[in-house]
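Subject: Structure handover and notes

Dear colleague,

I am passing on the structure below, together with notes on what was found in it. Please read the notes with the model open beside them.

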Amino acid sequence: MRLFVDNLTNIDFSFLHPTRGLIGETWLASVELVGELDSQGMVVDFGVIKSMLRHWLDDQVDHRLLIPEQSRYLEFDAAQTHTKFSWRYEDKLVKSTCPADAVTFINAETVTPESVASWCIQKLTPKFPNTVTQLKLTFTPEFIDGPYYHYSHGLKKHDGNCQRIAHGHRSRILIWRNGKISADDMKFWADKWQDVYIGTQEDVVASPNADNVAFRYQAQQGEFYLEVDKHCCYLINTDSTIEFIAQHIADELKKQSPQDRFTVKAFEGLSKGAIAET
């Protein structure tokens, strides 16, 4: 017997890529369970399993940086309380020191939906009852019929896991100019923010690498430090909450075309975000 839960939850995270560097991503998680019926005529209780899986994915993957620990591009030192790593790709560098629970090491050469699913299944299988003989987990990106971008950021003032300096999202964007949807404006921002790190100006510190921008801040979970290539970095004068991101885009559009009216609907991952108007 097979049970399934489509679109069980979604995860927002960042990961390290061998050619693109630091990437923000959003995936939908679906699960299938294979097993025998118990005395209740069930393989397993849907409610219990859904809650367990959501909690585990939220704790181990969501709002973390996923690092492929078998990659030749990686150098790292993972202690009990903190992680320090360098990721060198195409003559560029991502470097960070952060609390250990801000990252997850995936036992693979690359981070893909398949490699992350395989790692999760290995970790999750012992947690299931004996009636479950096989766990299948799939991750898929949201289908977006229009412009979108990948961004990473950190929110030092956040009470939860958004404070982690390198987590991110894959996000669509909708822009109306004078009440009409503007494909050109949406494409401009999607292209501009492809694989971008959105950083807060006040968090910038001196970088030992002239090609990098460095950020450092103290948050509730500890001290965070990150270096990213300057060509992949976009600085704003506020925190990088989705509210400020939407307002920033609207304000920039207004500067370029003061005679026009703009509405910006900026998404933070899947089905949530903020709307700003100018």
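Helices (H or I, at least four residues) and strands (E, at least two) are DSSP runs, numbered from the N terminus. This is a predicted model, in which local features need pLDDT of at least 70 and side-chain atom pairs count only at pLDDT 80 or more, whereas totals for chains, interfaces and linings use all residues. Residues are numbered from 1 along each chain as its sequence is written, and side-chain values use heavy atoms, with hydrogens and water left out.

Overall picture

The protein has four helices and 18 strands. Its radius of gyration, taken over C-alpha atoms, is 20 Å, which agrees with the value near 19 Å that a compact globule of 278 residues would have, the globule rule being 2.2 Å times the number of residues to the power 0.38. Along the principal axes, the C-alpha atoms fill a box of roughly 70 × 45 × 35 Å. Of the 278 residues, 52% are buried, where buried means under 20% relative accessible area, exposed means over 50%, and partly exposed lies in between (1.4 Å probe, protein chains only). The exposed area of the protein is about 13600 Å², of which carbon and sulfur atoms supply 47%; accessible areas come from the Shrake-Rupley method with a 1.4 Å probe, and for residues only the protein chains shown count as cover.

Among the contacts (heavy atoms within 4.5 Å) with a separation of 6 or more, 65% are between residues 24 or more positions apart. As for charge, the mean positions of the 29 positive and 38 negative charges are 3 Å apart; Lys and Arg count as positive and Asp and Glu as negative, while His and the chain ends are not counted, and the place of a charge is taken as NZ of Lys, CZ of Arg, CG of Asp or CD of Glu.

Strand 3 and its partners

Two strands are said to pair if DSSP finds at least two bridges between them. Strand 3 (residues 65-68) runs parallel to strand 1 (residues 2-17), to which two bridges join it, and L65 is the bridge partner of S14. Strand 3 is also parallel to strand 7 (residues 103-106), here with four bridges, and L66 stands opposite T104. In a regular strand the side chains alternate between the two faces of the sheet. In strand 3, L65 and I67 point one way and L66 and P68 the other way, and all are buried.

The six-strand sheet

An open sheet is formed by six strands in the order 4-5-6-15-14-13, with antiparallel pairing. Strand 4 (74-78) and strand 13 (204-205) each have a single partner strand and stand at the edges, so one side of each is left without a neighbour in the sheet. For strand 13, two antiparallel bridges make the pairing with strand 14 (residues 212-219), in which A214 is the bridge partner of V205.

The hairpin of strands 17 and 18

Strand 17 (residues 262-267) and strand 18 (residues 273-277) are antiparallel and joined by five bridges, with E277 as the bridge partner of T263. The two strands form a hairpin with five residues between them, and G269 in the turn has a positive phi of about 75°. On strand 18, A274 and A276 make up a covered face, whereas G273, I275 and E277 make up an uncovered one.

Residues to look at

In helix 2 (residues 113-124) lies L124, which is buried at a relative accessible area of 0%. Not counting residues up to four places away in sequence, L124 touches M52, L53, W56 and L135; L53 is 71 residues from L124 in sequence, with a C-alpha to C-alpha separation of 8.3 Å. H55, in helix 1 (residues 46-60), is exposed at 58% relative accessibility, and its C-alpha is 33 Å from that of L93, although the two are 38 residues apart in sequence.

Two loop residues that are not glycine have a positive phi of about 55°, namely N178 and D195. N178 sits between strand 10 (167-177) and strand 11 (180-181) and is partly exposed, at 33% relative accessibility. D195 sits between helix 3 (183-192) and strand 12 (196-200) and is buried, at 9% relative accessibility.

With best regards
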